[in-house]
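Opening the notebook on a new model today. I want to look up one helix and then one whole chain.

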Amino acid sequence: MQLKNNKHIGIGFRKDFSEELLESTVLKPAFIELAPENWIGMGGYWKKQLDKAAEKFPITCHGLSLSIGSPDDLDLDFLYKIKKFIKHYNVQIYSEHLSYAKCDNAHLYDLLPIPFRKDAVKHIVARIKQVQDILEMPLAIENVSYYTPVAAEMDEATFISEIVNESGCNMLLDVNNVYVNSFNHKYNAKEFITKLPLDKVSYIHMAGHEQISDTVIIDTHGEAVIEKVFELFEYTTALLKPVPVLLERDFNIPELEELQTEITRMETIVSKTWKKEHAIA
Amino acid sequence: MPLLKEETHTQQSRLAEYCKTGVFPELTGVIEDNLHHYRRLVFNIGIDTIETAYPITYRFLPNEIWDKLVYDFYAKHKCQTPQVWRMPLEFYEYCVEKNIQAELNIPFLNDLLYFEWLELEMHTMEDVPYPSFNVNGDSVNDVLALNPEHKLVKFAYPVHILAPTELEGKAGDYFLLMYREKENGRVQCMDVSILYAYILEQLQNGVNIQAILTEADTLFQINNFEMLKEHALIFINDLQQRQFILGSLTS
Ligand SMILES: [Fe+2]
């Protein structure tokens, strides 16, 4: 994705602040990200907003319902709708969660943890290949927050790496999710990151979360990014080539100034770690 | 041979089923204390989506009845749409299919839910191409071009006019015209009489006003064409002002 003026940080396009964003001189993301599910087949007022946004910003897509880890067959009708949407809005990055949101023919609209198992790897690798063949573009899969493993026979980093390496897909590295999981499952976040297929990372997510007890953090996207996640971000970006970075803020939306402050801070970090003028491929 | 083993599939099914029903599952190697977050997160998304789509019904039904309805829906129904904002339609269809209005003895429940769904549907539905039209035509004898983004619906209760608490004993024939304004996407509602609903239906069918009124004069036993025309033209004029009637259809 070609980003202008050597800026890398984008923001999630939410209906809650779309109007403000379109007119804002305060919030200046390099691109916007949206869930195609929330916009496909929508007309009227929101379609007009989307079209205005598309004129102003490059768009990346982050899917919710493809359910790449589902035992069910892929929903091909839906996938072709995504393909059409991606083409129409000239979307260069399409990512999805490494989780499942549909099972036994029922959508759940949330991200459930896939068992970290050999057979699940094979199953998902085949599905990713199928998706990439149909879309004629790479899929970036995202490491998700999870609150419990289920019937695991390998660790999370191995699970992710095997899937990425065997399928040839890209990776969306969510730095906050790594932090959340390292807290919930008591592992070292930096060590975890070094085990990932970092050469395949094509996109980064940053977000806030909520600690609800001594032992559990919930990935809410409803708070500001915390200091430790910024620190992990700095560590991570130093290991990577330049890629677009997205600030996810889905709930509890603050004044746009606050979002811009977070964006500026990330921009400052990457301008140090990614010193040279790179065109982002 | 499927790549995914039966055993893995079973684990995935059990977790998904738990999120739907809240009945604690038998799972291997989980942090039991954390499982309930999944049920809570999944269920909250479902509840929020339905309550946002049906605010009038939600406020009208007693809490325990609403909660049970939503719980049963989530436990028994398999949501089909990958787009969560379309899911409330499945809730409406579920209520109709299970005849919840008979079960709860609320004879206007289906109408109320449908009305609330329509508001959402009209606001979000895909853009419909406009027909070509001429604004300087003859509005009585030409076939008229209508705003294609509209719905004319019939209700057995005036759910679009009265609050649910006022609907008892109001069974009858009620008609609602809903349309979306082109410029701003705003949805407008218009309560129309049976006569005007008939006129609208015939306009939809491409019949001109002269022919519609000639037929209506007999059909509604008005037997006073000039008076009918005078009234009908006020209605037509209003629809033109609202840009629901765009002009004369040109092919
Ligand atoms: Fe993310």
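My entries on the helix come before those on the chain.

**Helix α4 of chain A**

I'm working from a predicted model, so I keep in mind that local features are given only where pLDDT is at least 70. I started with α4 of chain A, which runs over residues 118-135 and has 18 residues. From first C-alpha to last, α4(A) reaches 26 Å, close to the 26 Å expected at 1.5 Å a residue.

Next I checked which residues of α4(A) are buried; the list includes Asp119(A), His123(A), Arg127(A) and Gln132(A). Val121(A), Ile124(A), Val125(A), Ile128(A), Val131(A), Ile134(A) and Leu135(A) are also among them.

What do these buried residues pack against? Within chain A, I found α3 (76-88), β4 (94-97), β7 (139-142) and α5 (156-167). Chain B joins in with its α1 (6-21).

I also looked just past the end of α4(A): Glu136(A) has a positive phi there, about 55 degrees.

**Chain B as a whole**

I then turned to chain B and counted 10 helices and 6 strands. Its radius of gyration is 24 Å, whereas a compact globule of 251 residues would come out near 18 Å. I boxed its C-alpha atoms along the principal axes and got roughly 80 × 45 × 35 Å.

Buried residues make up 46% of chain B. Of its contacts with a separation of 6 or more, 57% link residues 24 or more positions apart.

For the surface, I noted about 12,800 Å² exposed on chain B, with carbon and sulfur atoms supplying 50%. Last came charge: chain B carries 19 positive and 36 negative charges, and their mean positions lie 6 Å apart.

Technical notes:
Residues numbered from 1 in each chain as written. Chains lettered and ligands numbered in written order. Predicted model: local features only at pLDDT ≥ 70, side-chain atom pairs only at ≥ 80, totals over all residues. Heavy atoms only, no water. Helix = DSSP H or I, 4+ residues; strand = E, 2+ residues; numbered from the N terminus. Expected span 1.5 Å × (residues − 1). Buried < 20%, exposed > 50% of the residue type's maximum accessible area, 1.4 Å probe, protein only. Contact = heavy atoms within 4.5 Å. Rg over C-alpha atoms; globule rule 2.2 N^0.38 Å. Areas by Shrake-Rupley, 256 points an atom, 1.4 Å probe, with all protein chains shown as cover. Lys, Arg positive; Asp, Glu negative; His and termini not counted. Charge placed at Lys NZ, Arg CZ, Asp CG, Glu CD.
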